[in-house]
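This report describes how two chains meet in a model. The sequence and structure come first, followed by the helix pairing and then the wider interface.

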Amino acid sequence: MWILHLLPDNFLYNVVLTIIFGGVFLYIVSLVLNLLLKVYPYKNALRTSSVLIILIGIYFYGGYSTEMIWRERVKEVEAKLAIAEEKSAKVNTQIQVKIVKQTKTIRERGQNVTRYIDREVTKYDNTCPIPAPVVKAHNAAATNSIVKE
Amino acid sequence: MNLLKILILSSLITSCATTVPVTAKFPDAPKILFETCPQLKTIDTETTTMSILTKTVRDNYSTYYECSVKMDGWIEWYQVHKKIFEEISK
């Protein structure tokens, strides 16, 4: 059935209709011949083959209908995907802008604190020495390691 | 009438086509979210003063907040994309 995907919709539809109507036409021909010619040798053969052709046509019509339903669904999903991709790109830009903005704010506030440290905390640099264990504890916490005693 | 019966019955044997696969690309996340968080700063034991200690702590807090913003970004990205995916599946 994969080959159906390669054929255009109209072509498939016309082929299916041709088969069905061809079968119906043959069946009518067999009836007419049966009425006109009382002794008609190929009566049964023609009628059987026309019914078979109609059956094949209906079978193909089913396949065609299913194929069309799937094609429609594929179109729907593809359209939804396109919208989703568009939304995704938009959201990504919004997130990127938001992060850049927040990071900038964090750095600005950090600089503000640094200025305060330079102005106020430096006054205590000479009067308030930092004991080694404080630094050790800080470094261990910063590197997520065990304090070596 | 025979033909009619056959036609009605034949509608039951209509064929089925194979499904057509639709491939969806996994959505990309903003590049900024892929930046890894840096290591926290440590202090040199020998030359430590109160201001150096406070500045290092400040730097580390800033690093935390910058990382936190990225983490929040990932959460937001996931939640929004989950919603978008669910809208497609409807």
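In this predicted model, α2(A) passes α2(B) in a crossing that is right-handed. The contact between α2(A) and α2(B) is made up of 14 nonpolar, 10 polar and 8 charged residues.

On the chain A side the helix covers residues 43-120, and its axis comes within 10 Å of that of α2(B), with a crossing angle of roughly 165°. An angle over 145 degrees counts as roughly antiparallel, and α2(A) and α2(B) are therefore roughly antiparallel to each other.

Beyond this helix pair, the interface can be described for the chains as a whole. Contacts link 46 residues of chain B with 50 residues of chain A. On the side of chain B that touches chain A, at least two residues come from each of α1 (2-10) and α2 (50-89) of chain B. With 19 residues, α2(B) supplies the largest share of that side.

The table sets out the residue classes, first for the side of chain B that touches chain A and then for the helix contact.

| Region | Nonpolar | Polar | Charged |
|---|---|---|---|
| Side of chain B that touches chain A | 23 residues | 16 residues | 7 residues |
| Contact of α2(A) with α2(B) | 14 residues | 10 residues | 8 residues |

What does chain B itself contain in helices and strands? Chain B has 2 helices and 0 strands. How much of chain B counts as buried? Of its 90 residues, 10% count as buried.

Note on methods: Residues are numbered from 1 along each chain as its sequence is written. Chains are lettered from A and ligands numbered from 1 in the order in which they are written. This is a predicted model: local features need pLDDT of at least 70, side-chain atom pairs count only at pLDDT 80 or more; totals for chains, interfaces and linings use all residues. Two residues are in contact if their C-beta atoms, placed from the backbone, lie within 7 Å. Helices (H or I, at least four residues) and strands (E, at least two) are DSSP runs, numbered from the N terminus. Ala, Val, Leu, Ile, Met, Phe, Trp, Tyr, Cys and Pro count as nonpolar, Asp, Glu, Lys and Arg as charged, and the others, Gly among them, as polar. A residue is buried if 20 or more other C-beta atoms lie within 10 Å of its own, exposed if 12 or fewer, and partly exposed in between; C-beta atoms are placed from the backbone. Axes are lines fitted to C-alpha atoms, for helices over the stretch in contact, and angles run from 0 to 180 degrees between N-to-C directions. Angles under 35 degrees count as roughly parallel, over 145 as roughly antiparallel, 65 to 115 as roughly perpendicular and the rest as oblique. A crossing is left-handed if the near helix is turned anticlockwise from the far one by less than a right angle, and right-handed if clockwise.
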